[in-house]
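Take a look at the model below, and let's walk through how its parts fit together. We'll begin with a single contact and work outward from there.

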Number of protein chains: 2
Amino acid sequence: MTVPINSEVALIGPQALADLLGRWPGADGPLYRLLATRIGRLADTGELPPGIRLPPERALAAALAVSRNTVALAYQVLRDDGMAESRQGSGTRLMPHRITPAAAHRANGYFAGMLDNAVAIDLSVGAVECAPVVAEALGSPRDVLGARELSRLTVGTGYLPYGLAELRAAIATLLTAAHSVPTSAAEVLVTTGAQQALGLLVQSEVTPGQAVVTEDPTFPGFLDAVQRAGGRLVGVPPGDVAAIADAVAVHRPALVYLIPSFHNPTGALLPAAARRDIVELARRNPDVTVIDDLAIAELPLPDGPPGWRQQPPPPPLAALAPRLPNVVTVGSFSKTYWGGLRTGWVRAPEGIIARLAAAKAAADLGSPPFQQAILSTLVRDRHEEILKDRADWTRDRYAVMASALSSLLPSWQWTPPAGGLTIWARLPGDADSSAFAQAALRSGVAVIPGRLLSVSARRSPWLRLAFVRPPSELAAAVQTLAAVQPGASGEAELSGDRVPTRKLITR
Amino acid sequence: MTVPINSEVALIGPQALADLLGRWPGADGPLYRLLATRIGRLADTGELPPGIRLPPERALAAALAVSRNTVALAYQVLRDDGMAESRQGSGTRLMPHRITPAAAHRANGYFAGMLDNAVAIDLSVGAVECAPVVAEALGSPRDVLGARELSRLTVGTGYLPYGLAELRAAIATLLTAAHSVPTSAAEVLVTTGAQQALGLLVQSEVTPGQAVVTEDPTFPGFLDAVQRAGGRLVGVPPGDVAAIADAVAVHRPALVYLIPSFHNPTGALLPAAARRDIVELARRNPDVTVIDDLAIAELPLPDGPPGWRQQPPPPPLAALAPRLPNVVTVGSFSKTYWGGLRTGWVRAPEGIIARLAAAKAAADLGSPPFQQAILSTLVRDRHEEILKDRADWTRDRYAVMASALSSLLPSWQWTPPAGGLTIWARLPGDADSSAFAQAALRSGVAVIPGRLLSVSARRSPWLRLAFVRPPSELAAAVQTLAAVQPGASGEAELSGDRVPTRKLITR
């Protein structure tokens, strides 16, 4: 699947589409559904790129020798499934299937070519290297696990869809003690990172076409999961409680996805009063599940709103209403311990946990238990120490990046983040950050254009800079960014890459 | 989600369903679609159990104050999505959402209560304990990984949707050398067990309503993945090439799922000639992807068809046509090394691998890399040794189970398996293996009734017995099974468990 970063709206002619469709009516079922299925599949494989305009109904019907009504119904199915949208006067176009940055980098030939080159400095992924304490434990499990525990682990089947009991208990204790969210082990599901936690929630709660409210911009892995499940994304400005309440009233979403502590990518902290409003909204709308993503909640930074560090951090949503069944909490050890642990969790009522565990059993039968055993000892005994080391690590990198941006790129606008691993910066004027990102990549620095973090996928002057590389690399990267001269037109930038595809599809 | 093992067809009245539906028309979109979505969601959460009969269209329309056409269209959407079926004269009923045995055990209150009890001997899961060489390496990574490798691993982000390069290369070498399937590392994706490999393939290749051909009985994890994706399962007798060809011609499936070496649950080995026929079928049908599941291919048993051990084992499908793009191979280390490694793989053309990697990135961003590094050294250096140990381990257990069955349950019919970890046995007469399984569970032995391994989910006299527990337990388990007296009626067996649910839904 390819994700062109600057996809202008391209057209495909009725005959070209007919050729691509091949033997689409070969299966059982109504013609309109078979046609929709086949077009959807071509979109999935990338043979029809996102954003492409489909032929007018009448023209395609003629090319396929079917009734216009068949094509109209097929387009309707595609719209209902979130695969296409129609606008008055501009026809029907396929919706972008947005995928995670990591996958986009790999799937997009343009990016892939750059990233294969070892010169690139990656500011696109907000991932940390492994904490020394964690690396030590991974390399020497016998230092943290007793011989009896080791042998008890390996005589079992190793299939634990809910997660290892010790780790579920350690996470419950951490939530209860450190985050004021009273939690029992039975209310915890262990997942392969927060990404799987979000993916399982979307799969379990969202039916195709149903609305999902999210802050915009937001964590792109969530957008990806919703798009793949056929959910209909509705964006609201980060932390705007009134806009969230409006969206809930209008769209009756299955899910509301929020990152109150610290928002990704902006690093903003949602104040306590706004959190109380969100919890009240959840209470008044029992059919709407509110997700509180704590993946970066343990990464405060020295900056942020004046005076906020003198007060205790505002509590997670579930601390305000621990027994409200439609407030679900998600978290991860990726940003503090190491992403390579691939360990996250969900905290929810036992009924939801059972549903998610059944979905997890179908997805992978459970995450590897051995590493969960090692991790459970670290969560129990070394958590504070790991957080403190990570805070020092993060602060140093943030300071270098912030000072380099201020001195070398004074025309960029950004609000100092209260926490997290990223700076959300606005390019001057009406610059297109997608074009800028591609020019930067050619200079050896990868950043994420705002478009990839957005529901709308529209042109954006914003971009996300992760400050997780070594300080010397960060300083060099900002120097490189300051020298980048993006072309005036995104089209020109891409022409070399896009010509073959456009030739194929627009004849 | 609950999966009643013996679900009789229950009814729900129009008023009761209206109550359950609650505020279903609260969202945007056509009424019929909202109604279908809400009913589908109630099925997902288990509030409407699988198999339940929905009210007649006219009656529900009256209760909801909508047109009969709205209800008719909603039922049609449910049928199209594989969520319901209608039969002349018996109305519309929800299709069972089948889930894996592990999840079913947990989700079903009846089973869960028994399994919490430590007395139960589990013959239901075909999982092995960890091979000693593997357990040793997990406990002492520094014995197999150099210090440089260890530190190189932990400085990265740890996000590897395709898998660790070393493990991809080791699997490619293994396939090339030991299975005669020439493979490059770029054609390998590492997954969280074969279950995830199958799940990603189903997600990527099957659109809702599309047909999927599978042997019946088969591995229940595959049925689960297809059901959840909304695929339409079409069953054929195991190893029946003519039936497979017919099903392909009639149903034009997205996938054909086969376990030629050794079929789960029967343990049969597909002969070389039949394999050539399957490959030719794939060649003639480029739109149909054929999956060859090798998860238990490295577990031959001493029995099987006369003389077959004197010949080299028949090759995997991909060995017969290594460059045929629609033959995809799936495998796992779960049955030889340990299920707790949660490591499987897909071998496919690079285009499919890229698509699966994008889906895996959205699902979990990649499996944990540290354990992949340990595993890659074992695959490279200790594979033969691990296989030999596992062969001895399996042979001993099989011998005990086979001899106990022959002497204590001579009326059960079964064909000695050529390989694998299970015996597929038929109860005498027209016994219902689901009722038998529940009676056995009350006596402390868990087995899988054939119904759970079947596309049809119909009453079956067959059951699956895994011989993976210690030999003494296996002997005791067969003694227990020989003493089981199932009630004459499955209904009577379940009445205590089912009453509360039926009361809720049938008023």
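**Two chains and the salt bridges that link them**

Start with one pair at the interface: B:Glu136 and A:Arg142 join their side chains in a salt bridge, with N and O 3.4 Å apart. Keep in mind while you look that this is a predicted model. The pair runs between chains, with A:Arg142 sitting in helix α8 (residues 141-144) of chain A and B:Glu136 in helix α7 (residues 132-139) of chain B. As for the setting of the two partners, A:Arg142 is partly exposed at a relative accessible area of 41%, and B:Glu136 is partly exposed too, at 44%. As a general point, side chains of opposite charge can pair when their charged atoms come close.

How many salt bridges are there between chain B and chain A? The count is two. Polar contacts add to the picture, with 19 residue pairs found across the interface of chain B and chain A, both residues at pLDDT 80 or more. If you want to know which element of chain B gives the largest share of the side that touches chain A, go to helix α16 (residues 350-364), which brings seven residues. Sorted by class, that side of chain B has 32 nonpolar, 22 polar and 21 charged residues.

Now zoom out to the whole interface. Here 75 residues of chain B are in contact with 74 residues of chain A. The area buried between the two chains is about 6600 Å², and carbon and sulfur atoms give 53% of that. Three residues are worth picking out by eye: B:Arg41, B:Tyr159 and B:Arg342 supply 10% of the area that chain B buries against chain A, more than any other three residues.

How do the two chains relate to each other? Rotate chain B by 180 degrees, with 0.1 Å of shift along the axis, and chain B superposes on chain A with an RMSD of 0.1 Å. That is why you can read the arrangement as the relation of a two-fold axis. To find the axis from the chain B side, look for B:Ser140, whose C-alpha is the nearest to it in that chain, at 3.0 Å. Both copies use the same surface, with 99% of the contact residues of chain B recurring in chain A.

Salt bridges are not just an interface matter here, and the structure holds 30 of them over all chains. Within chain B, B:Glu85 forms one with B:Arg87, where the closest N and O atoms are 3.0 Å apart. B:Glu85 itself is partly exposed, with a relative accessible area of 21%. Over in chain A, a network of salt bridges links A:Glu85, A:Arg87 and A:Arg93.

One last pair in chain B deserves a stop: B:Asp432 and B:Arg459 meet through their side chains in a salt bridge, 3.9 Å from N to O. B:Asp432 lies in the loop between β12 (422-426) and α19 (433-442), while B:Arg459 lies in the loop between β14 (448-449) and β15 (462-466), so this pair ties together parts of chain B that are 27 residues apart in sequence. Are these partners buried or exposed? B:Asp432 counts as buried at 13% relative accessibility, whereas B:Arg459 is exposed, with a relative accessible area of 55%.

Conventions. Residues are numbered from 1 along each chain as its sequence is written. Chains are lettered from A and ligands numbered from 1 in the order in which they are written. This is a predicted model: local features need pLDDT of at least 70, side-chain atom pairs count only at pLDDT 80 or more; totals for chains, interfaces and linings use all residues. Side-chain values use heavy atoms; hydrogens and water are left out. Contact means heavy atoms within 4.5 Å. Buried area is the accessible area (1.4 Å probe) that two parts lose on being put together, summed over both. A salt bridge is a side-chain nitrogen of Lys or Arg within 4 Å of a carboxyl oxygen of Asp or Glu. A polar contact is a pair of N or O atoms within 3.5 Å; within protein, one must be able to donate a hydrogen and the other to accept it, and residues adjacent in sequence count only if both atoms are side-chain atoms. Helices (H or I, at least four residues) and strands (E, at least two) are DSSP runs, numbered from the N terminus. Ala, Val, Leu, Ile, Met, Phe, Trp, Tyr, Cys and Pro count as nonpolar, Asp, Glu, Lys and Arg as charged, and the others, Gly among them, as polar. Copies are superposed by least squares on the C-alpha atoms of residues with pLDDT of at least 70 in both. Buried means under 20% relative accessible area, exposed over 50%, partly exposed in between (1.4 Å probe, protein chains only).
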